[in-house]
Every structure is written in C-alpha cells, then in structure tokens.
Amino acid sequence: MKKLALVIALVMCLTALGTEEAFNGSVYSAYKAVFTPGALDGWEVISYIEPSGLLLNAYKDSAELTVSLEESDETPQEALARHLNGVNRYGSMLQKSQVSPITAGHFSDSAYVNYSYRSKRDKGDGDIYYVDMVCALFTGGRMLMLTETRWGSDAGESGLLNRFLPALSLQTREISTEYRAFIKSAEEKGGAIYVSIDYCDMEYGGEFGVVFANNDDPTEYSCRLSADCEIWMGQQVGGLYALKQIEPDAAAISTAIESYYNQNLVEPIYTVLFNRAGEIVRLMHYNAL
C-alpha cells in the first residue's frame, strides 16, 4: 500500500484499449472531486473526471486518501459492513468501531467507521494500518466512498471527518470518452493555447504483453485547450513513475515534449478528454511507449 499512489498511472496501461479515431462530438456527464483551498495542503494529489470509479487519490509519506464513486443499491451502513467483512481476506483486524450514521459536509445520508489491521503476511513487526471510511449516498444509484489510510509510527490523527469531508464537493462535468494521442507541439495564439495531436490506439505485443502505440493514420489536429484544462505531466520520482499537475502553459508543454522525445525518440502519448465545444479539458501523460 505504501507509495501506491505513485504507480496508479501504470494501471492505465491495463485498461480497455481503443481504436485510432478522432473526437466525434459525443459527451456524457461525469464528476470531479473538488476540495476547498487548504484542505489538501501537504498532500500530493491526482484527480480524475469520471462517471464512476476513482475520482481522487492523495498521498504523503505515511498516509493515503481516496475518493471514489461506485454504483450501488446498498445503504451507506451496508456498504461499510461489506467492506469490513472483506478486510479479513488480506488483514488481521486489531480494532474496529461500530458503523455509525452521520451527517457531514454536503452529504446527509452517510455512515462512518474506523478500524486498524496488520497485513496477514506480517510476522508482528510490520506497520499497523489505520483506516477511516465514509460512505455517502449519492444520486443515480451511486455511493460516494472516502477512505483515509495511515500507517507507521508517524501515522498521526485522521483528518477525514473534520477536515476532508466538510471541504469536499462533486462538480458535474461534460466530457468525451477517452482518446489517446501523440502530443506533437504546443503554441499560444490569440490568448489561447493550442496543441497538435496525432490520434493513436494502444495494442499489446511481445512475449511480455508490452503496450505500444499503433498509428496507422498520421493526420495531425490542432486543438484548443479550455481555459480550465487540467494537464498532468509524467515524471520519475525515486525510480517510480508519478504524475504532476501543471498550469496550462505552451512553453512548459513544449519543454515536456522535447524532454520526452530526447529520452525515448518518440513524442509522448497522452490521454485526452474534450468538452462539447471540442476543446481539450484534460491531458494526462500515458505511461507507455
């Protein structure tokens, strides 16, 4: 579980792989987890825009916070009880509270639990994991789940109920399906930033199932970034792959493209999301060649 957030982007390589086609104008409703300023100071944060699934992952040396939206027909209390039963598959429970109904933040029909455990592989000298969880009923048969996990001697106190939950809200966004594309260049024109992209599709190949890009159509498209575009650049941290958000900036994007090309002799591949107007609202580096 330690440093798990640093390698989350690698999971993207195992998702369903698409075909090489351009944005067709179709969008759907999705959600983004939004926190008030200061609530996540001191944490590294990766956020997502999704109709369901992981919306946010935050981490620091001895703690991790996740926010997800799952389809569910359970009550918040039932969802937490089911989760507690599942802990026995990988951990030895040391302590657990009662599952308690709560009203907190923007979510009225909610429940809370906290517990601690050791890994079943632990011989008794490893870290104890302290977990605080909130489940909140959301619209459309979905359950919002917040999980804060802390470990080690410097685990500290939980901030889930008094810091994170009151600061959280979900923002509705209209986005396209995910596209993947080589990012070829970036420039500023007329007060807006444009990137040149070449759509590609990802395929498995080789003895070890390596993911690589297939680019049968070399057509390039010039696409405008939305004013609130999220840009997530890839970087190496201690030998592990991580993502870092930057402000929309043509020079910074160009530098990232050049740096990646110098290392790999190919332009970087990004996951691209569009809004209804055809502007790019999100660019996230895709960790594959």
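The following paragraphs lead through a predicted model of a protein chain, from its overall make-up to selected strands, residues and its largest pocket.

Residues are numbered from 1 along each chain as its sequence is written, and side-chain values use heavy atoms, with hydrogens and water left out. Because the model is predicted, local features need pLDDT of at least 70 and side-chain atom pairs count only at pLDDT 80 or more, whereas totals for chains, interfaces and linings use all residues.

The protein chain contains four helices and 19 strands; these are DSSP runs numbered from the N terminus, with at least four residues for a helix (H or I) and at least two for a strand (E). Of its 289 residues, 46% are buried, where buried means under 20% relative accessible area, exposed over 50%, and partly exposed in between (1.4 Å probe, protein chains only). Among contacts in the protein chain with a separation of 6 or more, 59% are between residues 24 or more positions apart; a contact requires heavy atoms within 4.5 Å. The chain exposes about 14,400 Å², of which carbon and sulfur atoms supply 49%, with accessible areas taken from the Shrake-Rupley method with a 1.4 Å probe and, for residues, only the protein chains shown counted as cover.

One open sheet consists of three strands in the order E3-E1-E11, with antiparallel pairing. Its edge strands are E3 (49-50) and E11, each of which pairs on one side only. Two strands pair if DSSP finds at least two bridges between them, and E1 and E3 are joined over two bridges. Tyr31 has Glu50 in E3 as its bridge partner.

Strand E11 covers residues 168-175 and includes Arg173. Arg173 counts as buried because its relative accessibility is 12%. Outside the neighbours within four places in sequence, Arg173 is in contact with Tyr28, Ser29, Ala30, Lys32, Ile49, Asp228 and Val281.

Strand E19 (residues 280-285) has six of its six residues buried, so the strand is largely enclosed by the rest of the structure. Strand E18 (residues 269-274) runs antiparallel to E19, and five bridges join the two. Phe274 stands opposite Ile280 in E19. The two strands form a hairpin with five residues between them, and Gly278 in the turn has a positive phi of about 85°.

Leu94, in strand E6 (residues 91-96), offers another setting. Leu94 is partly exposed, at a relative accessible area of 45%. Not counting residues up to four places away in sequence, Leu94 touches Ser116, Tyr117, Arg118 and Ile128. The C-alpha atoms of Leu94 and Tyr130 are separated by 9.6 Å, with the two residues 36 apart along the chain.

The largest pocket holds about 590 Å³ of space. It is lined by 26 residues, and those closest to its centre are Val45, Ser47, Trp232, Gln245 and Glu247. Two or more lining residues come from each of strand E1 (28-35), strand E2 (44-47), strand E16 (221-237) and strand E17 (240-246). E16 gives the most, with five residues. A pocket here is an open set of points on a 1 Å grid over the protein atoms alone, where a 1.4 Å probe fits, with protein on both sides within 12 Å along at least five of seven lines; lining residues have an atom within 4 Å of a point. Grid points are joined across faces, edges and corners, and the volume is the space filled by probe spheres set on the points.
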